[in-house]
Amino acid sequence: MSPAIALAFLPLVVTLLVRYRHHFRLLLRTVLLRSFQDCLSGMRIEERAFSYVLTHALPGDPGHILTTLDHWSSHCEYLSHMGPVKGQILVRLVEEKAPACVLELGTYCGYSTLLIACALPPGGRLVTVERDPRTAAVAEKLIRLAGFDEHTVELIVGSSEEVIPRLRAQHQLSQADLVLLAHRPRYYLRYLQLLEAHALLPAAATVLADHVLFPGAPRFLQYAKSCGHYRCRLHHTGLPDFPAIKDGIAQLTYAGPG
């Protein structure tokens with residue numbers, strides 16, 4: 001490429017760098033720096049976060065554990081977790097709905113799991129599903145460190161697509177009053193339709209879906225708005241530590257099969 005052509009593209013490159021500077025910072029922290037730390041430590045980011053929690057958080061205090069994870073994500077390594085702003089929305093909705101049983105698809109490090117467990121009504125139960133065994137092992141330790149036993153929070157290791165059909169028979173979950181989708185947005189529609197097909201959503205059930213704007217779940221949102229079975233509301237937020245990158249939590253209220 002000649003210098004003249006390179007100079008012609010320079011204003012475009014500068015414009016893109018300025019416009020998407022927050023996305024480039026996110027890419028740097030979540031891909032490049034994380035990969036470097038993985039190689040350097042021989043541990044995954046969730047394992048490094050849990051090591052930090054062990055030395056800085058108070059066992060049996062879920063609130064302090066959550067605050068410690070937020071601090072580590074802001075000041076050490078970006079964790080890609082739900083974060084406190086979305087967390088407040090989640091806690092408010094769980095307290096408002098007072099669900100007897102909650103199903104979480106996508107445990108990850110256990111951050112949102114602790115938020116839900118803290119907000120459950122007396123006698124409430126949370127079933128959370130994580131497909132990656134190594135990540136699930138970290139989440140399990142975090143949940144137990146916070147003081148929640150298997151009767152309150154049950155963690156199932158496996159893909160949601162395989163676990164959903166056997167929830168009733170193998171895990172005594174007949175219906176979920178509230179569902180949190182917090183794994184991979186491109187699979188949200190498939191998971192929702194599986195929940196419908198296996199009659200796991202009672203009328204008036206609440207389905208919450210994280211990351212519906214970034215990276216986005218357009219097919220899921222289109223289905224929820226057009227199928228006639230849901231009332232849909234979008235809670236607009238930003239990413240933790242990157243508020244300029246717009247995201248949102250979708251809140252669906254199930255009207256029944258119709």
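In the predicted model, Y191 has a relative accessibility of 4% and therefore counts as buried. Y191 belongs to helix 10, where Y188, L189, L192, L194, L195 and E196 are buried as well. Helix 10 spans residues 188–197, and seven of its ten residues are buried, so this helix is largely enclosed by the rest of the structure. Just after helix 10, the backbone at A199 adopts a positive phi of about 55 degrees.

Aromatic contacts were examined next. Across the whole structure, the search returns five aromatic pairs. One of them joins Y78 and F242, whose ring centres lie 5.2 Å apart with the planes at 90 degrees, so the arrangement is edge-to-face. Y78 is located in the loop between helix 4 (62–75) and helix 5 (83–97), whereas F242 lies in strand 7 (residues 242–254); the pair therefore ties together parts of the chain that are 164 residues apart in sequence. Y78 counts as buried because its relative accessibility is 3%, and F242 is likewise buried, with a relative accessible area of 2%. Another aromatic pair is formed by Y187 and Y191, and its geometry is tilted, with 6.1 Å from centre to centre and 35 degrees between the planes. The two rings of this pair differ in their surroundings: Y187 is partly exposed at 29% relative accessibility, while Y191 is buried at 4%.

Charged side chains form a further set of contacts, and eleven salt bridges are present in the structure. In one of them, K86 is paired with D210, and the closest N and O atoms are 2.7 Å apart. This salt bridge connects distant parts of the chain, since K86 is in helix 5 and D210 is in the loop between strand 5 (206–209) and helix 11, with the two positions 124 residues apart in sequence. Both partners are removed from the surface: K86 is buried, with a relative accessible area of 1%, and D210 is buried at 3% relative accessibility.

Other salt bridges involve partly exposed residues. R144 and E140 meet through their side chains at an N to O distance of 2.7 Å. Both residues lie in helix 7 (residues 133–145), where they are four residues apart, or about one turn of the helix. The relative accessibility of R144 is 23%, so R144 counts as partly exposed; E140 falls into the partly exposed class with a relative accessible area of 25%. In addition, D38, R48 and E77 are joined into one network by salt bridges that share partners. The side chains of K97 and E96 also meet in a salt bridge, with an N to O distance of 3.5 Å. K97 is partly exposed, with a relative accessible area of 34%, and E96 is partly exposed at 48%.

The nonpolar interior was then considered. The largest nonpolar core comprises 40 residues, and L90, L114 and I116 have the most contacts inside it. Two or more residues are given to this core by each of helix 3, helix 4, helix 5, helix 6, helix 7, strand 3 (153–157) and strand 4 (178–181). Of these elements, helix 6 gives the most, with six residues.

Finally, the open space in the structure was assessed. The largest pocket holds about 880 Å³ of space. Its lining consists of 30 residues, and those that lie nearest the centre of the pocket are R34, S80, Y108, H183 and H211. Helix 2 (21–41), helix 3 (45–56), helix 6 (111–119) and helix 11 (212–216) are the elements that give two or more residues to this lining. The most is given by helix 2, with three residues. In chemical character, the lining residues divide into 14 nonpolar, nine polar and seven charged. Helix 3 and helix 6 thus appear in two of the descriptions above, as elements that give two or more residues to the lining of the largest pocket and as elements that give two or more residues to the largest nonpolar core.

Notes. Residues numbered from 1 in each chain as written. Predicted model: local features only at pLDDT ≥ 70, side-chain atom pairs only at ≥ 80, totals over all residues. Heavy atoms only, no water. 1 Å grid on protein atoms, 1.4 Å probe; cavity = no way out; pocket = protein on both sides within 12 Å on 5 of 7 lines; lining within 4 Å. Points joined across faces, edges and corners; volume = space filled by probe spheres on them. Nonpolar A, V, L, I, M, F, W, Y, C, P; charged D, E, K, R; others polar. Phe/Tyr/Trp six-rings, centres within 6.5 Å; stacked < 30°, edge-to-face > 60°. Buried < 20%, exposed > 50% of the residue type's maximum accessible area, 1.4 Å probe, protein only. Salt bridge = Lys/Arg side-chain N within 4 Å of Asp/Glu carboxyl O. Core = buried A, V, L, I, M, F, W, Y, C linked by side-chain atoms within 4.5 Å.
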